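Please work through the exercises below with the sequence and the model at hand. Each task is followed by a solution in steps.

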Amino acid sequence: MTDFSQHNFTERDAANSDDYYSDDYYDAVHGANQNPRHDPTVGELDLEARSSLRRLTRGVSSYTDEQSDGYDVEYRKLRLEKVVLVGVWTEGTVAQIEARLEELAALAETAGSDIVDMLYQRRDKPDAGTYIGRGKVEELKSIVAETGADTVICDGELSPGQMIALEKALDVKVIDRTMLILDIFAQHAKSKEGKAQVALAQMEYLITRVRGWGGALSRQAGGRAGSNGGVGLRGPGETKIEADRRRLRSEMAKLRKEIAGMKTSRDIKRERRDQAAIPQVAIAGYTNAGKSSLINALTGAGVLVEDALFATLDPTTRRASLADGRTVVFSDTVGFVRHLPTQLVEAFRSTLEEVLAADVVLHVVDGSDPFPLEQIQAVNKVINEIVEETGRPAPPEIMVVNKIDKADPLVLAELRAAIDDVVFVSAHTGEGIKELEARLEVFLNTLDKQVTLHVPFDRGDVVARLHELGTVLDEQYDEQGTRVEVRVPAAVANELASFEV
């Protein structure tokens, strides 16, 4: 670690040091008491770590070294720098294809890359050989040469043949939308379960795309000592690609077993929350719709907030009290996206089931997006897939349109016409938050049962529980105890039926 107190460093000099973003440098220049990072929230810590990593890695070229290391593209560490985006326009308007490419650009920037150019082609369907036509491949090759790009990202899932053909034609690294999303998930996963889920999804994607060098790296079949195996056993034996796939299958089986064990722990925690009879509210929606900002506005929790796609991967659970005194639990979940890779849906199934276990879902929509209805369709598609496979019904939902301070009034008018029951809020300014809390209280009241209980004075714990879990409408005292008229969850009312009058 560099001792900045012993050097007369300027900030420009220190910027070239590995310790530029460390607390030692900040304390030496500005003073330890002035360092705002000494008392951060958890979300601020995560955000600072991510920002520092992107600043330090951006601009460090890696493709030249990796291109000459002799390894194929799947075995290189995915580090995006100068990239060109490529899309195929098969349906919709020009504005829609441009919005999709803008979303792809946001994904690429979240992964830590610089966008140098983008192009799309109008076709009935993607080309089976190279995803785009031969003429566009030549145009793309000239763009790559002019801009010095080292990566091409296609807005779709490429087949192994398409990826190989494009790499041979362009002589640069080519990845697709799925590989890009998997890389972002790998960067942002923090918990043990999240990392295991991402690793499983990556392996499921790569096992069909593993490449080798044919028989050049094959292994000779075994046999008697000092022989080549004898009749019928001479040949290439197990190839390198077969060994790689066998190793991947073994690792995938191990990860599935670990994730199954973690799911058991998650189920136990969920059962404890159910037994506590505290209403559970899941916050779901499209990625970067402002779900974490909304949970901060509702609970005051220091959850990580970042203007980036898939900033939240690990579910966050926070307890809060509504205006009527009721205690609820909010769960922040991973965001969805258009064409979410099936590998991720499968790997994150235990996490996504948090949505189905809730009493109500706050479906958050980005009001500043030009096509919010497409976001709603993408989220509903993923939830319906989970419902079909698990057999559990989807809980009721309250539609919440966020970021109205940045939204186009015409888009908001379209949402009002298309959706019957919706709440418009801004987690940034606080507009509409009180209305959302009131709407949530009204809904939770429909799940409650109104009862009148007579509780002896020696059971003060019951009265305290009624205040925590329900809404006390009237409370009076007599010689024998406390008479309480309260609205509580049906499970609690049944449990305390012996006190009912």
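The exercises that follow concern a predicted model.

**Exercise 1. An aromatic pair**

Task: Determine how many aromatic pairs a search of the whole structure finds, and state which geometry the rings of W89 and Y120 adopt.

Solution.
Step 1. The search of the whole structure yields one aromatic pair.
Step 2. The ring centres of W89 and Y120 are 6.2 Å apart, and the ring planes stand at 80°. Planes over 60 degrees apart count as edge-to-face, so the pair of W89 and Y120 is edge-to-face.
Step 3. W89 belongs to strand 1 (residues 82–89) and Y120 to strand 2 (residues 114–122); the pair therefore ties together parts that are 31 residues apart in sequence.
Step 4. W89 has a relative accessible area of 15%. Because buried means under 20%, W89 is buried. Y120, with 26%, is partly exposed.

**Exercise 2. Charges over rings**

Task: Identify the ring over which the charged end of R122 sits, and do likewise for R416.

Solution.
Step 1. The charged end of R122 sits over the ring of W89, at 4.5 Å from the ring centre. W89 is also a member of the edge-to-face pair with Y120.
Step 2. For R416, the ring in question is that of F424, and the charged end lies 4.2 Å from its centre.

**Exercise 3. Positive phi values**

Task: Locate N288 and K403 in the chain, and decide for each whether the residue is buried or partly exposed.

Solution.
Step 1. Most residues other than glycine have a negative phi.
Step 2. N288 has a phi near 65°, a positive value in a residue other than glycine. The phi of K403 is likewise positive and near 65°.
Step 3. N288 is in the loop between strand 5 (280–285) and helix 11 (291–299). K403 is in the loop between strand 9 (397–402) and helix 15 (409–418).
Step 4. The relative accessible area of N288 is 22%, so N288 is partly exposed. K403 has a relative accessibility of 17% and therefore counts as buried.

**Exercise 4. A cavity and its lining**

Task: Describe the second largest cavity by its volume, its lining residues and the character of that lining.

Solution.
Step 1. A search of the whole structure finds two cavities of 30 Å³ or more. The second largest has a volume of about 30 Å³.
Step 2. Its lining consists of F336, L352, V355, L356, I383 and I386.
Step 3. Helix 13 (349–356) and helix 14 (372–390) each contribute at least two residues to this lining. Helix 13 gives the largest share, three residues.
Step 4. By class, the lining of the second largest cavity has six nonpolar residues, no polar ones and no charged ones.

**Exercise 5. An annotated position**

Task: State which residues carry the UniProt feature "binding site", and establish whether S292 is buried or exposed.

Solution.
Step 1. An unreviewed UniProt entry places this feature at S292 and T312.
Step 2. S292 is part of helix 11.
Step 3. With a relative accessible area of 10%, S292 is buried.

**Exercise 6. Separation in sequence and in space**

Task: For I175 and I153, T151 and E167, D359 and V281, and G129 and S159, set the separation along the chain beside the C-alpha distance.

Solution.
Step 1. I175 and I153 are 22 residues apart in sequence, with 5.1 Å between their C-alpha atoms. I175 lies in strand 4 (residues 173–176) and is buried, at 0% relative accessible area.
Step 2. T151 and E167 are 16 residues apart along the chain, and 9.7 Å separates their C-alpha atoms. T151 is in strand 3 (residues 151–154) and counts as buried at 0% relative accessibility.
Step 3. D359 and V281 are 78 residues apart along the chain, whereas their C-alpha atoms are separated by 6.0 Å. D359 lies in the loop between helix 13 and strand 8 (360–366); at 32% relative accessibility, D359 is partly exposed.
Step 4. G129 and S159, 30 residues apart along the chain, have C-alpha atoms separated by 9.0 Å. The loop between strand 2 and helix 6 (134–147) holds G129, which counts as partly exposed at 34% relative accessibility.

Definitions and conventions. Residues numbered from 1 in each chain as written. Predicted model: local features only at pLDDT ≥ 70, side-chain atom pairs only at ≥ 80, totals over all residues. Heavy atoms only, no water. Helix = DSSP H or I, 4+ residues; strand = E, 2+ residues; numbered from the N terminus. Buried < 20%, exposed > 50% of the residue type's maximum accessible area, 1.4 Å probe, protein only. 1 Å grid on protein atoms, 1.4 Å probe; cavity = no way out; pocket = protein on both sides within 12 Å on 5 of 7 lines; lining within 4 Å. Points joined across faces, edges and corners; volume = space filled by probe spheres on them. Nonpolar A, V, L, I, M, F, W, Y, C, P; charged D, E, K, R; others polar. UniProt positions renumbered as here; feature names shortened; annotations may be inferred. Phe/Tyr/Trp six-rings, centres within 6.5 Å; stacked < 30°, edge-to-face > 60°. Lys NZ or Arg CZ within 6 Å of the ring centre and 35° of its normal.
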